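Student: Before we argue about terms, could you put the model up so that we can go through it together?

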Amino acid sequence: MFIGGPSRGLFLLYLAVFDVIVVGGGIYGALLSRDLSFYQGRVLLLEKESDVGNGASGANSAIIHSGYDPLPGTKKALYNVRGNAMYPGLCRLLDVDLKKIGSLTVSFDEEGNKKLEELKKRADTNGVEARIIGQPELASLEPSLSDKALEALYCPSAYIVDPFTLTAHAMENAIDNGVELHLLEEVVHLEKKDGHYLVRTNNGEYESRAVVLLAGGHNEVLLKELGEEGYGGKARKGEYYVFDHFNPDFLKHVLFPIPTSKGKGVLVTPTTSGNYLVGPSSEFTSDYEEVSTDELTLKEVKRMAQELVPSLPFNEQIRVYAGTRATSEKGDFIIGISKENPGLFHLSGIDSPGLASAPALCEDLVKEIVSYLDLKKKDSYQKGVKPYCRPLKMSQEEREKFYLEHPKYTKIVCACEKVSLGEVEDVLSRSLPCLSLKALKKRTRAGFGKCQGGFCGPNLMPLIAKKLGIKEGEVLYDKAGSQVSVMEVRKDED
Ligand SMILES: Cc1cc2nc3c(=O)[nH]c(=O)nc-3n(C[C@H](O)[C@H](O)[C@H](O)COP(=O)(O)OP(=O)(O)OC[C@H]3O[C@@H](n4cnc5c(N)ncnc54)[C@H](O)[C@@H]3O)c2cc1C
């Protein structure tokens, strides 16, 4: 693993040659690299941010949809349903929290009921288990749902997942099998040279036999560098509220309104961490990097969420955030296997249900890449990662024994999310580096709670600084230039 590639000075002497260069470290880059890591060949993943999973893959609703919504016959329908079925096995191997809680798509009037019939037919055609339920079953399944709800499409096969650990552990697995990762390295130019691709970044230049563009909304620009046609990509922003852990039994399912042309609508859902998410909005925006939130949009999100669950306690809301979806003109996923540029692959227009579809789409694209390069399976490789030690999930007897043997797991560094020093040290010792407080937060949940890092940040900064061999004042929150402490605030008394 490198943080950044060869420096410009070294470049003249050294041009690294790879079999595959993957551009973008979202869930697609991480999973595709993992699947490729089971094969022989030198693979490099280039990610412009300080961590993997900082784009759409870290700012979504974290639902592994059942697949009732995509139009039959589309790639979205095919890959959503296949991906959903792959998730339990994948999450077991990658030690990722996944819960099958089912979804309810709720109607409040006759028109909504008709739409549910249509969705039920789609579900049947897509091969998704679904049934329409009415009152009083609806109220007994989800007591906090509005009493104005008439009917709902119940799909038991919807899951919620921890999207942060999913991307991180897919990448860790890939690195453990030999994939190279360069963080903070942005691809700025692509060209063909003697049958290979020349990939120029802000930090160096590489040659590769194949290039896979998994840069979300940034694919369009990179494809045009190689003379490829664009796909009419547009960014669609979604804003959310995050709630605290106020009552683990408040909601039991993912709750959707009736979908519209803008998407699946404002949902209300538990997360795998036991808190709740409300959102997203859905508006086109000019820039994939634009993830600000605004009062008017959030007010509308709140109004729509309260139609589903009037008793949502907004005083328990602790944070807002936004993510952008990379949409395509055609409204379906694009699997790009270039004829004009052999060895150039891309997945574009991967908006929702992109998370649910990722394992299946990556599986198919890897088959194409492996066949193009004629790569052979390795004799040995790891299919998963070393699981985290999670004392809070152990029985009391197991936990007491574990604490005696591992006292660092009794020292709490994040009180809101009850994260221990042992857990933080485990994460920092792994092959996927943690270059920022945000990366550590996504791996351990330290900083995700009510204080939003206000209290635990000062406990975590020295641990990151020590691991990276830098000063505490140099520790980043996230992007370059986001140092948290700008001056020394405390001096020990003599
Ligand atoms: C608001 C919202 C809600 C969603 N909810 C769901 C859901 O509940 N269920 C579901 O199935 N799907 C959902 N999705 C869709 C899902 O999140 C995406 O389809 C998926 O995360 C796309 O992953 P990706 O790897 O293609 O893109 P990203 O995660 O965006 O990764 C692309 C990466 O490429 C990097 N990059 C870009 N340009 C360059 C460059 N030049 N050089 C190097 N690196 C570069 C970026 O920094 C980024 O890390 C949602 C999306 C959004 C935005």
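Tutor: What follows is a chat about how the labels used for this model are earned.

Student: What makes the values here worth discussing, and how are they set up?

Tutor: It's a predicted model, so local features need pLDDT of at least 70 and side-chain atom pairs count only at pLDDT 80 or more, while totals for chains, interfaces and linings use all residues. Residues are numbered from 1 along each chain as its sequence is written, and side-chain values use heavy atoms, with hydrogens and water left out.

Student: OK, let's start with Lys442. Why is Lys442 called buried?

Tutor: Its relative accessible area is 7%. Buried means under 20%, exposed over 50%, and partly exposed is in between (1.4 Å probe, protein chains only). So with 7%, Lys442 is buried. Lys442 sits in helix H12, residues 437–444; helices (H or I, at least four residues) and strands (E, at least two) are DSSP runs, numbered from the N terminus.

Student: How do you know that the side chain of Lys442 makes a polar contact with the side chain of Asp51?

Tutor: The distance is 3.0 Å. A polar contact is a pair of N or O atoms within 3.5 Å; within protein, one must be able to donate a hydrogen and the other to accept it, and residues adjacent in sequence count only if both atoms are side-chain atoms. So the pair of Lys442 and Asp51, at 3.0 Å, qualifies. Leaving out residues up to four places away in sequence, Lys442 also touches Val52, Gly53, Asn54, Phe164, Thr165 and Phe448, where contact means heavy atoms within 4.5 Å.

Student: Now for H9. What makes helix H9 kinked, and where is the centre of the kink?

Tutor: H9 (residues 354–373) has a kink of about 35°, centred on Ala360. The bend at a residue is the angle between axes fitted to the seven residues ending there and the seven starting there. Right after H9 comes Asp374, with a positive phi near 55°.

Student: Why is H9 called largely enclosed by the rest of the structure?

Tutor: Because 14 of its 20 residues are buried. Ala360, in H9, is one clear case: its relative accessible area is 0%, so it counts as buried. Ala360 touches Tyr79, Arg82, Gly83 and Met86, not counting residues up to four places away in sequence. Asn80 and Ala360 are 280 residues apart in sequence, yet their C-alpha atoms are 7.9 Å apart.

Student: Which residues are closest to the ligand, and how many surround it?

Tutor: There are 37 around the ligand, with Glu47, Ser57, Ile63, Ile350 and Ala356 the closest; a residue is near if one of its heavy atoms lies within 4 Å. By class the shell has 16 nonpolar, 14 polar and seven charged residues. Here Ala, Val, Leu, Ile, Met, Phe, Trp, Tyr, Cys and Pro count as nonpolar, Asp, Glu, Lys and Arg as charged, and the others, Gly among them, as polar.

Student: What lies within polar-contact distance of the ligand's oxygen atoms?

Tutor: An N or O atom in the side chain of Asn60 is 3.2 Å from a ligand oxygen. Backbone N or O atoms of Ile27 and Tyr28 lie 3.3 Å and 3.2 Å from a ligand oxygen, respectively. Taken alone, the ligand exposes 1,000 Å², and the protein buries 95% of that (Shrake-Rupley method, 1.4 Å probe; for residues, only the protein chains shown count as cover). Helix H2 (27–36), strand S18 (317–327) and H9 are the elements giving two or more residues to the shell.

Student: Is Asp194 buried or exposed, and how do you know that?

Tutor: Its relative accessibility is 74%, so Asp194 counts as exposed. Asp194 lies in the loop between strand S10 (187–193) and strand S11 (196–201), and its phi is positive, about 50°, although it is not a glycine.

Student: Why is Lys418 called partly exposed?

Tutor: Its relative accessible area is 48%, so Lys418 falls in the middle class. Lys418 also has a positive phi, about 55°.

Student: Last one: what makes helix H11 mostly covered?

Tutor: Six of the eight residues of H11 (421–428) are buried, among them Leu421, Val424 and Leu428. What covers the buried residues includes strand S21 (412–414), strand S22 (419–420), H12 and helix H13 (457–468).
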